[in-house]
Structure formats: C-alpha cells, structure tokens
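Please read the following account alongside the sequence and the coordinates, moving from charged side chains to the packing of a helix.

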Amino acid sequence: ERVSGSVLVLGGGNTAIDAAISAQRAGASDVAIVYRRSFAEMPAWPEERDQAIRNGVHFLILTQPIDYVADNGKLTGVKVLRTRLGPPDRSGRRAPEPIPGSEHVLPADLAVEAIGQRADRDVQMALTGVRIAGNGLVWTREETLETSRPGVFAAGDIINGGTTVVRAVAEGARAARSIDAWLAR
C-alpha cells in the first residue's frame, strides 16, 4: 500500500525501525520515530537505527506519546510530552520521567504503534489458570517455559514482549523439548 503525509512511529525497538523505513518506502513525506528514552536505552540494534538515520528517518527521543488528536474522526496529530531520564527501572534501563508543562502536539497523518507485545484481554480470558504477569505477558518457569497451569507451555512474544525471531524460535524449540519431556513422564 502507498502511504502519504507525515508518519509517526511510536516505539524504539527493531519493529519501530522496520515500520519507519517501510512507511518511508511506501511514500510518506516525513517519518519520525517517537521514543520516550534516549538512544542509549533504545532496544533497537544500533545498525538498524543507523540505517534509518541514513534513510532520512527522524528520531524524537525523550518524547513520550500520551494521546491522539483527531478532527472529525481523522487523525491530525499525537500529543506528546518531553521526558528526562531518572533512575533505572526493573529492566535496568533508566526510566523516563515526564517534564511537567512540556505537552505539545506533533502533526501526523498516520501513527504506528510499535511499543511491544502483550496478551490482549481476549487471550488472557482464554488462558484460564495461566498467570499473566503485571506487564501483560504470560509468566513461565524459566527453565521449562511451563506456565502456572500444569501442561501448558508458552514461548515467543507472549512471554518476552517481542524481541527477535531468533529468540522466539529458540524459545519455541526449548518449549518443545519441555513438552516432550512432560509427555514422556
């Protein structure tokens, strides 16, 4: 599909980079990645980020999306606020802290959310007896990838929030070995 106008990609991982480059190749006149932390905390691979920069993608770092702005049901912008880095969070990356009074609207014709994965409500409701962690991901035992429900295993984006295909495949293989062992007992 063709894309026109200004595109804002929300997120800082490899998926955000891919979405930004794809939007640009699809015809967007201006593409920017909006990320709430700095380059140092950005989970995207540096080579991917550098490729996006070489391709003309803009980066709005230390900028957190907080709302969408629309006129007659059509997106016109994304409301954001500036952030500064505070102490590290549970992931070890410095946590973004909002700067009061810094809210403003970035004009946009299209916004793409590339901000990680989590189990949506329908999936959570279907997984009775499976513990969902506070981050919206399925909890598993690290060594076997078995969930809190005996005999139910999980791997990939549903447990790690979305990193790389290689990691998802490796987790899938590890879960398969655990399932095999569980069935053999």
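**Salt bridges and a buried helix**

Aspartate 50 is partly exposed, its relative accessible area being 32%, in a model that, it should be said at once, is predicted. Its salt-bridge partner is arginine 49, and the closest N and O atoms of the pair are 3.6 Å apart. Arginine 49, by contrast, is buried, because its relative accessible area of 16% falls under the 20% cut-off.

Two salt bridges are found when the whole structure is searched. Besides the pair just described, the side chains of glutamate 171 and arginine 167 meet in a salt bridge, with an N to O distance of 3.0 Å. Both of these residues belong to helix α5 (residues 165-184), where they are four residues apart, about one turn of the helix. An α-helix has 3.6 residues a turn, so residues three or four places apart point the same way. Glutamate 171 counts as buried at 7% relative accessibility, whereas arginine 167, at 38%, counts as partly exposed.

Helix α1 can be followed next. The twelve residues of α1 (residues 14-25) should span 16 Å at 1.5 Å a residue, and the end C-alpha atoms are indeed 16 Å apart, which agrees. Within this helix, the buried residues are Asn14, Ala16, Ile17, Ala19, Ala20, Ile21 and Ala23. The buried residues of α1 pack against the strands β1 (6-10), β2 (30-34), β3 (58-60) and β8 (110-113), and also against helix α2 (46-54). After α1 comes glycine 27, which has a positive phi, near 115°.

Methods
Residues are numbered from 1 along each chain as its sequence is written. This is a predicted model: local features need pLDDT of at least 70, side-chain atom pairs count only at pLDDT 80 or more; totals for chains, interfaces and linings use all residues. Side-chain values use heavy atoms; hydrogens and water are left out. Helices (H or I, at least four residues) and strands (E, at least two) are DSSP runs, numbered from the N terminus. The expected span of a helix is 1.5 Å times one less than its number of residues. Buried means under 20% relative accessible area, exposed over 50%, partly exposed in between (1.4 Å probe, protein chains only). Contact means heavy atoms within 4.5 Å. A salt bridge is a side-chain nitrogen of Lys or Arg within 4 Å of a carboxyl oxygen of Asp or Glu.
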